[in-house]
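Grab a coffee and open the viewer. Below are some short exercises, each with a solution worked through step by step.

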Amino acid sequence: FQPLEGLASKTRLELSIMIPEARLVETVARELQRGGTGTVRATVPIEGGEAHLLLGRDFRLDADLAARLTRLLGEGAVVLSALEAPKLALVG
């Protein structure tokens, strides 16, 4: 259904990922593609704790990417959410 596809493309998404091991950072980076409007945030382990990173606000995000990263990083390590509700208008 065409209008739903348009709505999905206008919704700004955010991907939050928990990368449990430093060796997986490069693998995750290969999965991410620039050229969109999605925000990606990552939490990575560092000595003495963890670092919270904003990787960028220009990524292409969708459910397929979130599923691939979940398979790679594990259940609960990936959260894909809408940053803001899309603006809807009635058409008469």
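A salt bridge here is a side-chain nitrogen of Lys or Arg within 4 Å of a carboxyl oxygen of Asp or Glu. Keep in mind that this is a predicted model, where local features need pLDDT of at least 70, side-chain atom pairs count only at pLDDT 80 or more, and totals for chains, interfaces and linings use all residues. Residues are numbered from 1 along each chain as its sequence is written, and side-chain values use heavy atoms, with hydrogens and water left out.

**Exercise 1. Get your bearings: work out the fold pattern and how much of the chain is buried.**

Step 1. Helices (H or I, at least four residues) and strands (E, at least two) are DSSP runs, numbered from the N terminus. By that count the protein chain has 3 helices and 4 strands.

Step 2. Walk along the sequence and you read α-β-α-β-β-α-β.

Step 3. Buried means under 20% relative accessible area, exposed over 50%, and partly exposed in between (1.4 Å probe, protein chains only). Of the 92 residues in the protein chain, 27% are buried.

Step 4. Contact means heavy atoms within 4.5 Å. Among contacts in the protein chain with a separation of 6 or more, 60% come from residues 24 or more positions apart.

**Exercise 2. Find the salt bridges, and say where the partners sit.**

Step 1. How many salt bridges does the structure hold? There are 5 salt bridges. As background, side chains of opposite charge can pair when their charged atoms come close.

Step 2. Take Arg 41 and Glu 14, whose closest N and O atoms are 2.8 Å apart in a salt bridge. This pair links distant parts of the chain, with Arg 41 in strand E2, Glu 14 in strand E1, and their positions 27 residues apart. Arg 41 is partly exposed at 35% relative accessible area, while Glu 14 counts as buried at 14%.

Step 3. Now try Arg 68 and Glu 31, a salt bridge with its closest N and O atoms 2.6 Å apart. Arg 68 is in helix H3 and Glu 31 in helix H2, so this pair ties together parts that are 37 residues apart in sequence. Both ends are partly exposed: Arg 68 has a relative accessible area of 34% and Glu 31 has 27%.

Step 4. Arg 23 and Glu 21 also meet in a salt bridge through their side chains (2.7 Å, N to O). Here Arg 23 counts as exposed at 59% relative accessibility, and Glu 21 is partly exposed at 35%.

**Exercise 3. Look down helix H3 and sort its residues by face.**

Step 1. H3 covers residues 63-73, and Leu 65, Ala 66, Leu 69, Thr 70 and Leu 73 are buried in it.

Step 2. Why do they line one face of the helix? Seen down the axis of H3, the buried residues fall within an arc of 135° (taken from the directions from the helix axis to the C-beta atoms), so they line one face. In general, an α-helix has 3.6 residues a turn, so residues three or four places apart point the same way.

Step 3. Flip to the other side of H3, and you find Ala 63, Asp 64 and Arg 71 exposed.

Step 4. The buried residues of H3 pack against strand E1 (13-18), helix H2 (25-31) and strand E4 (78-82).

Step 5. Just after H3, Gly 74 takes a positive phi of about 110°.

**Exercise 4. Pick out the hubs of the largest nonpolar core.**

Step 1. A nonpolar core is a set of buried Ala, Val, Leu, Ile, Met, Phe, Trp, Tyr and Cys residues joined through side-chain atoms within 4.5 Å. Which of the 18 residues in the largest core touch the most other members? They are Leu 15, Ile 17, Leu 32, Leu 69 and Val 78.

Step 2. E1, E2, strand E3 (49-59) and H3 are the elements that give two or more residues to this core. H3 gives the most, with 4 residues.

Step 3. Zoom in on Ile 17: leaving aside neighbours within four places in sequence, its contacts include Val 28, Val 40, Leu 69, Leu 73 and Val 78.

**Exercise 5. Decide whether Thr 39 is buried or exposed, and list some residues around it.**

Step 1. Thr 39 lies in strand E2 (residues 34-46).

Step 2. At 2% relative accessibility, Thr 39 counts as buried.

Step 3. Not counting residues up to four places away in sequence, Thr 39 touches several residues, among them Leu 13, Leu 15, Leu 54, Leu 61 and Leu 83.
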